[in-house]
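Could you walk me through this structure in my viewer, one selection at a time? I would like to know what to click on next and what I will find there.

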Amino acid sequence: MSENPGMTRRRLLGIGGTLGLTAATGLSTAAALSRRPAATGAELRSAIPLPAAFRTPLPLPPVLKPVSTSGSVDRYEVTQRETKVEILPGVRTPMWTYEGTFPGPTIEARRGRPITVTHRNELPVPTVVHLHGGRNTPTSDGYPTDLVLPEGWPEPVGGTSDMHQMAEMPGMDGMDSMDGTSGMDHMAGMRDPRAVVTRLTRDYTFPTDQRPTMLWYHDHRMDFTAPAIWRGLAGLHFVRDDAEDGLGLPAGAREVPLMIADRAFDGDGNLQYPALDPSLRDRPGVREPYLAGVLGDVILVNGAPWPVHEVDAARYRLRILNASNARHYEIEAVTDDGRRLHLVQIGADQGLLAAPITHRSLPIAPAERYDVIVDFADVPVGGRVRILNRLGSGRTHDVMAFQVARKASDDSRIPHVLARDVPAWRRSDAVRVRDFAFRAGRMRGRHGWLIGGQPFDPARTDVTVHLGDIEVWRLIADVHHPVHLHLVGFQVLSRGGRQALAHDAGLKDTISLRPGESAEIITRFDGYRGRYLFHCHNAEHEDMGMMANLEIG
Ligand code: C2O
Ligand code: CU
Ligand code: CU
């Protein structure tokens, strides 16, 4: 392990930076905004020699084949297991995977056609699968205490075959933590009377009654989401329909999913992660100075470091996801002669925009997605277009490259009208306005991340909304907090008291709040009744309390 906390801490301004500075000097919000740091978190430094940029071919995640398509539901099966994956060329990295790959296999779903995915947990710890951006019933939404226990994990006391309650686990009594606070702290959260715990397998059913878009599935186990995603538990999930297929957008090999994620490696090629309990069994949390978020120094796209992808001199549709725990990117596409290609945004987290928007660069926070067209037609054959991260420095400035391999005809198009079903809620439609502060604070005697001054407790209902109501939520942040709502898409009404930014367009499920920033979002809570969540999608913040219950009644 080689880390350089001192340097990264000063440079990247984690909690010791931004918050301390703001508190000590009483900087106004405006001043804090003008000194906005590029990141919230601290960076791990890899100890293994890293490959040169733009040499490793971009992998495309395999598309999962259904095990059956008869009847009214398509069925899929996914096994979660530990395996070694070649991430760095010639190096085998032990990872936790869906079906043995990272990213996991891609699920291709059609709107109106429900699917069931049976997950089988062969990992050494409990897991939970959440389909991020999915409009799903509460029982299939991957609530953090709806655990799938692996074989051999202690039976809950009084457990029955369907184990409706997670009580204390034998063998964990008396376990205590180093700092003298109760080692059972996190278990308190697991004592959730509403948890539905299963052993070994669980069926997740997705009605797929939602706008076409790119979703992603990832682990969501209470207190341990960040390290589980870091170890590899993430995959893509598309929803498509005939209307979108009929638009004439680039398709087939000219539609490319890009899952961007940073990682760091030790000298043997193992993933580094500053977990307090590397087995991820008992004690949640990360070491100082990583409490504000874990950043890696290797940028992976679809599981390959700084990859390169051969393309025709034609339009491509890039489906971009930031699957990083804490790293933000601002991406741009730069040619060899320094020209910035247009990034024509056609979709946001929750599907197509009403009309395309042209950007020169696009900021992307953890869990956000963009659907973007890039046209390589004017790039000479043999030329290269680098995707760069304006927020990175040194090697984290590079993301990947496209190598233009040949001239080619192109009959794709970008229609001026993409979709007519983007909701346009108005402030006057809202029946309620709520305020939520996303800030650092104390949680059970330790550092935590809080919403409205409280850390997550599955047994407490934080917000109850009525099915069908439109509400405005005002969110305010201390450091970077990408705030995500389950079940619903929302629109950004305002940012910092002004109009929303160009990249806030469309229907979102995650909004990137920057240090000191406030924003208003508006949504209609429709879909299903039951218990859902909203939380910060900085995965370390999420694990350290920054999550709340959303009851739809
Ligand atoms: Cu992508 Cu509740 O998360
Ligand atoms: Cu989600
Ligand atoms: Cu956060």
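Here is a short tour of this predicted model, in three stops.

**Stop 1: the copper ion**

Start by selecting ligand 2, the copper ion. Which protein atoms act as its donors? They are NE2 of His130 and NE2 of His484, lying 1.9 Å from the ion. Now colour the chain by residue number to see that this pair links distant parts of it: histidine 130 sits in strand β7, histidine 484 belongs to strand β31 (residues 481-485), and the two are 354 residues apart. Switch on the surface too: are these histidines buried or exposed? Both histidine 130 and histidine 484 are buried.

**Stop 2: asparagine 136**

From β7 (129-132), follow the chain into the loop that leads to β8 (148-149), where you will meet asparagine 136. Its relative accessibility is 1%, so asparagine 136 counts as buried, the limit being under 20%. To see what surrounds asparagine 136, show the residues it touches beyond four places away in sequence: Leu131, Thr205, Phe206, Pro207, Leu487, Tyr528 and Tyr532.

**Stop 3: a four-stranded sheet**

Next, switch to cartoon view and find the open sheet of 4 strands, ordered β4-β3-β6-β10 with mixed pairing. At its edges stand β4 (92-98) and β10 (201-206); each has a single partner strand, so one side of each lacks a neighbour in the sheet. From one strand to the next, the twist averages 25 degrees.

Zoom in on β3 (residues 74-86) and β4, which run antiparallel and are joined by 7 bridges. To finish, pick lysine 84: its bridge partner in β4 is proline 94.

Key
Residues are numbered from 1 along each chain as its sequence is written. Chains are lettered from A and ligands numbered from 1 in the order in which they are written. This is a predicted model: local features need pLDDT of at least 70, side-chain atom pairs count only at pLDDT 80 or more; totals for chains, interfaces and linings use all residues. Side-chain values use heavy atoms; hydrogens and water are left out. Buried means under 20% relative accessible area, exposed over 50%, partly exposed in between (1.4 Å probe, protein chains only). Contact means heavy atoms within 4.5 Å. Donors are N, O and S atoms within 2.8 Å of the metal (3.2 Å for Na, K and Ca); water is not among the atoms, so sites may look incomplete. Two strands pair if DSSP finds at least two bridges between them. Axes are lines fitted to C-alpha atoms, for helices over the stretch in contact, and angles run from 0 to 180 degrees between N-to-C directions.
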